[in-house]
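New to this one? Take a look at the structure below, and then we'll walk through it piece by piece.

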Amino acid sequence: MITKEDVEHIGWLARIEINEQETVEYMEKLNSVLEYFGQLDEVPTEDVAPTYHVAEIYNVFREDVVEECLPQETVLANTEHKQDGAFRVPKIG
């Protein structure tokens, strides 16, 4: 059970100022959350396989394979902003 002192201590750790009314509100909300977790602890889960993700997750990245680069002329073909075989970009600074 979360007490008013616990909420005040959390506020002190977070370096936020919590007034008396907020302390009571946060105490009630945090106790409500803990009560809900208590209800979840009562759910029979002995026959449920552990789930690490609720959705099927897989790596979408391709293998990092070295391939032949495009020719420089092809890369620069669609830009007007080129100079000495490279893209010309605005100066920074």
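## Helix 2 and its cover

Let's start with what sits over the buried residues of helix 2: helix 1 (4-14) is part of that cover. Keep in mind that you're looking at a predicted model.

Which residues of helix 2 are buried? Thr23, Met27 and Asn31 are. They cover an arc of only 60° around the axis, so they end up on the same side of helix 2. That fits a general rule: an α-helix has 3.6 residues a turn, so residues three or four places apart point the same way. Flip to the face turned away from the buried side, and you'll find the exposed residues Gln21, Glu28 and Lys29.

The length of helix 2 works out too: with 22 residues at 1.5 Å each, it should span 32 Å, and its end C-alpha atoms are indeed 32 Å apart.

## One salt bridge

How many salt bridges does a search of the whole structure find? Just one. In it, the side chains of Lys4 and Glu20 meet, at 2.4 Å from N to O. This pair ties together distant parts of the chain, as Lys4 belongs to helix 1 and Glu20 to helix 2, 16 residues apart.

Both partners are partly exposed: Glu20 has 45% relative accessibility, and Lys4 has 28%.

## A nonpolar patch

Now for the surface. Val33, Leu34, Tyr36, Phe37, Leu40 and Val43 together make a nonpolar patch of about 550 Å². One of them, Phe37, lies in helix 2 (residues 20-41). Phe37 is partly exposed, because its relative accessible area is 47%, between the 20% and 50% cut-offs.

Notes:
Residues numbered from 1 in each chain as written. Predicted model: local features only at pLDDT ≥ 70, side-chain atom pairs only at ≥ 80, totals over all residues. Heavy atoms only, no water. Patch = residues over 30% accessible without salt bridge, like charges linked within 9 Å, V, L, I, M, F, W, Y side chains within 5 Å. Areas by Shrake-Rupley, 256 points an atom, 1.4 Å probe, with all protein chains shown as cover. Salt bridge = Lys/Arg side-chain N within 4 Å of Asp/Glu carboxyl O. Helix = DSSP H or I, 4+ residues; strand = E, 2+ residues; numbered from the N terminus. Buried < 20%, exposed > 50% of the residue type's maximum accessible area, 1.4 Å probe, protein only. Expected span 1.5 Å × (residues − 1). Arc of directions from axis to C-beta. Contact = heavy atoms within 4.5 Å.
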